[in-house]
Amino acid sequence: MAGMYFEDFVIGEVIRHDVTRTVTETDNLLFTTLTMNVQPLHLDSEFSKDSIYGQRIVNSVFTLGVVTGVPVQETTLGTTLGNLGFRDIQFPKPVFIGDTLRVETKALDTRVSKSRPDTGIVGIEHRGYNQRDELVCVVRRTALMKRRENAPQ
């Protein structure tokens, strides 16, 4: 698997992910309706043109999903046992249909699990930027990660 094990995370190291994602109208429409979010800021062009944004904005939960999804292949693919929590979620700028997002990941802290010494807990921060290098999403999460088989218990 391509994911990192607990021991691979270096506190303070920033990983700049090569994968980028342009958000389409279909993405926003499907995600918003599948999650039953009928907010007209996401769905109604006429309503949104008179908003402070002047246009529809992308559902922030979709943005959060992209910002936490892009890093998976390089960080947690096959090596995570689950998310223990998400915190400090911020959306400093809106995402618009047609924006292209890129993501950076930073390891914040690590510790061996007390209850499961074959696992470790890693604090991670993901930062999402649009094509203008504007910060559009910041999220901190805690992940339960596999340790390498030969890691000291």
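Which residues in helix 1 are buried? I looked this up first. Asp27, Asn28 and Thr32 are buried in helix 1. Viewed down the axis of helix 1, the buried residues fall within an arc of 110°, so they line one face of the helix. I then checked what covers them: the cover includes strand 2, helix 2 (40-43) and helix 4.

Confidence. I note that this is a predicted model. The chain has a mean pLDDT of 95, and 97% of its residues reach 70 or more. I also went through the elements of the chain: the lowest mean pLDDT, 94, belongs to helix 5 (residues 72-75), and the highest, 98, to strand 2 (residues 21-22). Where pLDDT is low, the predicted coordinates should not be read in detail.

End of helix 1. I looked at what follows helix 1 and found Met36, with a positive phi near 65°.

Aromatic rings. I searched for aromatic pairs and found 1 in the structure. Phe31 and Phe62 make up this pair, with 5.6 Å from centre to centre and 65° between the planes. I recorded the geometry as edge-to-face, because the angle between the planes is 65° and the cut-off for that class is over 60 degrees. Phe31 belongs to helix 1 (residues 25-34) and Phe62 to helix 4 (residues 60-69), so the pair ties together parts that are 31 residues apart in sequence.

Are the two rings' residues buried or exposed? I found Phe31 partly exposed, at a relative accessible area of 24%. Phe62 counts as buried, at 11% relative accessibility. The cut-off for buried is under 20%.

Strand pairing. I went through the partners of strand 4 (residues 100-112) next, starting with strand 1 (residues 14-16): these two run antiparallel and are joined by 3 bridges. On this side, Arg16 stands opposite Glu104 of strand 4.

I then took strand 2, which pairs with strand 4 in the antiparallel sense over 2 bridges. Thr22 has Thr100 in strand 4 as its bridge partner.

How many bridges pair strand 4 with strand 5? I found 10 bridges, in the antiparallel sense, with strand 5 spanning residues 119-129. I noted one of the bridge partners: Arg102 is matched with Tyr129 in strand 5. Strand 4 and strand 5 form a hairpin, and 6 residues lie between them.

Cross-reference. Strand 2 appears twice in my notes: as part of what covers the buried residues of helix 1, and as an antiparallel partner of strand 4. Helix 4 also recurs, in that cover and as the helix that holds Phe62.

Key
Residues numbered from 1 in each chain as written. Predicted model: local features only at pLDDT ≥ 70, side-chain atom pairs only at ≥ 80, totals over all residues. Heavy atoms only, no water. Phe/Tyr/Trp six-rings, centres within 6.5 Å; stacked < 30°, edge-to-face > 60°. Helix = DSSP H or I, 4+ residues; strand = E, 2+ residues; numbered from the N terminus. Buried < 20%, exposed > 50% of the residue type's maximum accessible area, 1.4 Å probe, protein only. pLDDT = per-residue confidence, 0-100. Pairing = 2+ DSSP bridges. Arc of directions from axis to C-beta. Contact = heavy atoms within 4.5 Å.
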